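Welcome! Here is a short guided walk through a protein model. Take a moment with the sequence and the 3D view, and then we can go through it together.

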Amino acid sequence: QKVRYHGSSITYSNRRSVTVPRYGGAEPRSSNRIPAFNNSQLSAARQAAGDAMTCYFVIVGHNDNPLFEMDFPPRTQEGTKADDKRHLNQFVAHAALDLVDEAKWQTGNLYLKTVDRFNDLTVTGFVTASQMRFLLVHDSIRAAENLKSFFQEIYELFVRALLNPFYTPNTPISSSNFRKKAQAVAKKYLHS
C-alpha cells in the first residue's frame, strides 16, 4: 500500500486521506481525523500494551532523503505493532522538517533543542555546518544536556564518515561500524 505525505495529512493509495492534528488541539472530529489523546491516556495505553518508549533518530540529507535511521533500543520484534510505531516516528520526524528549516535560520546554534511536539512525542533537532539535519523523536522526559551531548558525539561520527574516501556525500550510510558506534552513543546518553 503506497503512502504519500502532504504536510500534516497522509494519502493512501486507495485515495483515503487522514489529517493528523499537530498539537493535539481540539479540532472538530470527523471520520477522516485521528482523535487527539492527552498524555495520561497515551501513557496508560502504552503501559497496558507493555510497550517501552523508544527513541527514533534520523539523519536527513539535502533532498529530504533519510541517510541513516536508528531505533533505540534496537527493534527485536517484528510485526504490525512495531512497524506502526516506526511509521508514526517517521511521520512525526518528516512533519518536523519544515520547522527545523525555520528554526535553523532563527538561531546561530547547531543544536536547535525542541522543534516540534506530537502528543507525547518530542522532536529535537540539530543542523550541521553543511545543512544536514539530525532529528531525534523521543518522549519528553529526556535531559537537555544529554540530548546536546548525544547530538555532538553523533556529529563527530558523521564527520568521520564523511571523511571516508569510499563514502559518497548525501547517500545512505550503510556502514555497520557507524551503526554500532551510534548505538553505543545512544546507549550512553539516551538510556533512561
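Let us begin at one pair of residues: Lys 113 stands opposite Gly 125 in E7. Please keep in mind throughout that this is a predicted model. The two strands around that pair, E6 and E7, run antiparallel and are joined by six bridges. Between them, the hairpin has two residues, and Asn 119 takes a positive phi near 50 degrees there.

**Two asparagines in loops**

Asn 119 is worth a second look, since its phi is positive although it is not a glycine. Asn 119 sits in the loop between E6 and E7. Is Asn 119 buried or exposed? Asn 119 is partly exposed, because its relative accessible area is 25%, and partly exposed covers values between 20% and 50%. Another asparagine with a positive phi, Asn 170, is not a glycine either; you will find Asn 170 in the loop between H4 and H5.

| Residue | Phi |
|---|---|
| Asn 119 | about 50 degrees |
| Asn 170 | about 65 degrees |

**The sheet**

Now step back from the hairpin to the sheet that holds it. Five strands make up an open sheet with antiparallel pairing, in the order E5-E4-E8-E7-E6. At its edges are strand E5 (66-72) and strand E6 (111-118), each of which pairs on one side only. From one strand to the next, the twist averages 20 degrees.

At the E5 end, strand E4 (residues 55-60) runs antiparallel to E5, and six bridges join the two. Cys 55 faces a partner across this pairing, standing opposite Phe 72 in E5.

**Helices on the sheet**

Which strands does helix H4 lie across? Helix H4 (residues 144-163) lies across E4, E5, E6, strand E7 (121-127) and strand E8 (133-139). Its direction is at about 145 degrees to E8. Helix H5 (residues 176-190) lies across E4, E5 and E8, and runs at about 45 degrees to E5.

**A helix with a buried face**

Helix H3 (residues 97-106) is a good place to look at burial. Its residues Leu 97, Val 100, Ala 103 and Lys 104 are buried. Viewed down the axis of H3, the buried residues fall within an arc of 115 degrees, so they line one face of the helix. A general point helps here: an α-helix has 3.6 residues a turn, so residues three or four places apart point the same way. On the other side of H3, Asp 98, Trp 105 and Gln 106 are exposed.

**Aromatic rings**

Try colouring the aromatic residues next. How many aromatic pairs does a search of the whole structure find? The search finds twelve. Ring pairs link a cluster that includes Phe 57, Phe 68, Tyr 111, Phe 126 and Phe 134. Also in this cluster are Phe 150, Phe 151, Tyr 155, Phe 158 and Phe 178.

**The whole chain**

Finally, zoom out. The protein chain has five helices and eight strands, and from the N terminus on its elements run β-β-β-α-β-β-α-α-β-β-β-α-α. Of its 192 residues, 39% are buried. Among the contacts in the chain with a separation of 6 or more, 53% are between residues 24 or more positions apart. The accessible surface comes to about 11,300 Å², and 51% of it belongs to carbon and sulfur atoms.

Definitions and conventions. Residues numbered from 1 in each chain as written. Predicted model: local features only at pLDDT ≥ 70, side-chain atom pairs only at ≥ 80, totals over all residues. Heavy atoms only, no water. Helix = DSSP H or I, 4+ residues; strand = E, 2+ residues; numbered from the N terminus. Buried < 20%, exposed > 50% of the residue type's maximum accessible area, 1.4 Å probe, protein only. Contact = heavy atoms within 4.5 Å. Areas by Shrake-Rupley, 256 points an atom, 1.4 Å probe, with all protein chains shown as cover. Arc of directions from axis to C-beta. Pairing = 2+ DSSP bridges. Axes fitted to C-alpha atoms, helices over the stretch in contact; angles between N-to-C directions. Phe/Tyr/Trp six-rings, centres within 6.5 Å; stacked < 30°, edge-to-face > 60°.
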